[in-house]
Amino acid sequence: MRGRLVAGNWKSNGNLASNQRLLEQVRGEASRLRGVECAVCVPYPYLSQTQQMLTGTAAVWGGQDVSQFGAGAFTGAVTAAMLVEFGCRYAIVGHSERRNVFGESDAVVAAKFAAAMTAGLTPILCVGETLQERETGVTEQVVGRQLDAVISGAGIAALGKAVVAYEPVWAIGTGKTATPEQAQAVHGFIRNRIAVSDVAVAAALRILYGGSVKAANAAQLFGKPDIDGGLIGGASLVAEEFTAICRAAERR
Ligand code: PEP
């Protein structure tokens, strides 16, 4: 049976004092969870604080992005090796805000995925369609293309060591959650598409849902067979909400 994962994406939020309060609650909750891994993906400057507060606990952490390059003349870029040095297990790659605000192409996302894997991080690969793409009926083409870009670069076996997050762009930060049925349909599509190349990889892959997940809707989403947890933005900043979402991911 696939393990569950709930990962918080703090985006560009937090400060040392509020992080301390949040991380104290997260590490307490993580130790009580059964069958659910609890992760926080924090802004780079807070990796040190996060490492200090979560080392030796059941909670794990990661970066929200990673450079596609190694060390060198790449001003502003943070390498996968640096994330490893700060104890990260995960790195989000291809978040829709990186794709749409920072203009990252499928090729750049694939290179970031490969850089993370090579360094020993577990990439959380985000895929998802815009509202216009959903309304014009091309959700599966878009998600398939985003997946294929990574698979053709890194290979299907690499995907077996990663996590995929289905995050419909229209649901991120909008308060408009995909229905459990809408989410399950795309999760099933993702798993089936991967199964065409490798049945074992598809069966073992953790596929998270992201997009306005809250304590109030988490259990219904996590009740669907191909939804293995969540990537949580806004609600991951509120300790009571985030910990309740983690608990909702426990199998009943
Ligand atoms: C995200 O940033 O990945 C996300 C899902 O955000 P939110 O939960 O706020 O929609």
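# How the labels are earned

User: Why is Tyr166 called buried?

Analyst: Tyr166 has a relative accessibility of 0%. Buried means under 20% relative accessible area, exposed means over 50%, and partly exposed lies in between (1.4 Å probe, protein chains only). With 0%, Tyr166 therefore counts as buried. Please keep in mind that this is a predicted model, where local features need pLDDT of at least 70, side-chain atom pairs count only at pLDDT 80 or more, and totals for chains, interfaces and linings use all residues. Residues are numbered from 1 along each chain as its sequence is written, and side-chain values use heavy atoms, leaving out hydrogens and water.

User: Where does Tyr166 belong, and what does its side chain touch?

Analyst: Tyr166 is part of strand S6, residues 163-166. Strands (E, at least two residues) and helices (H or I, at least four) are DSSP runs, numbered from the N terminus. The side chain of Tyr166 meets that of Glu129 in a polar contact of 2.9 Å, and that of Arg134 in one of 3.3 Å.

User: What makes the pairs of Tyr166 with Glu129 and Arg134 polar contacts?

Analyst: A polar contact is a pair of N or O atoms within 3.5 Å; within protein, one must be able to donate a hydrogen and the other to accept it, and residues adjacent in sequence count only if both atoms are side-chain atoms. The 2.9 Å to Glu129 and the 3.3 Å to Arg134 are both within 3.5 Å.

User: How far is Tyr166 from Gly35?

Analyst: Their C-alpha atoms are 21 Å apart in space, and the two residues are 131 apart in sequence.

User: Why is Ala154 called partly exposed?

Analyst: Ala154 has a relative accessible area of 31%. That value lies between the limits for buried and exposed, so partly exposed is the label. Ala154 is found in helix H7, which covers residues 139-154.

User: And Asp65: what makes it buried, and which side chains does it contact?

Analyst: Asp65 has 11% relative accessibility, which is under the limit, so Asp65 counts as buried. Asp65 sits in the loop between strand S3 (60-63) and helix H3 (80-85). Its side chain makes polar contacts with the side chains of Arg98 (3.4 Å) and Lys112 (2.9 Å).

User: Let's turn to the ligand. Which residues come nearest to it?

Analyst: There are 14 residues around the ligand, and Lys11, Glu167, Gly173, Ser212 and Gly234 come nearest. Here a residue is near if one of its heavy atoms lies within 4 Å of the molecule. Lys11 belongs to the loop between strand S1 (4-9) and helix H1 (16-32). Ser212 belongs to the loop between strand S7 (206-210) and helix H11 (215-222). At 16% relative accessibility, Ser212 is under the limit and so counts as buried.

User: What is notable about phi at Lys11 and Ser212?

Analyst: Lys11 has a positive phi of about 55° although it is not a glycine. Ser212 also has a positive phi of about 55°, and it is not a glycine either.

User: How do you know which groups make polar contacts with the ligand's oxygen atoms?

Analyst: The distances tell us. A polar side-chain atom of Lys11 is 2.7 Å from a ligand oxygen, and one of His95 is 2.9 Å from a ligand oxygen. A polar backbone atom of Gly234 lies 2.8 Å from an oxygen atom of the ligand. The protein covers 96% of the 290 Å² of accessible area that the ligand has on its own (Shrake-Rupley method, 1.4 Å probe; for residues, only the protein chains shown count as cover).
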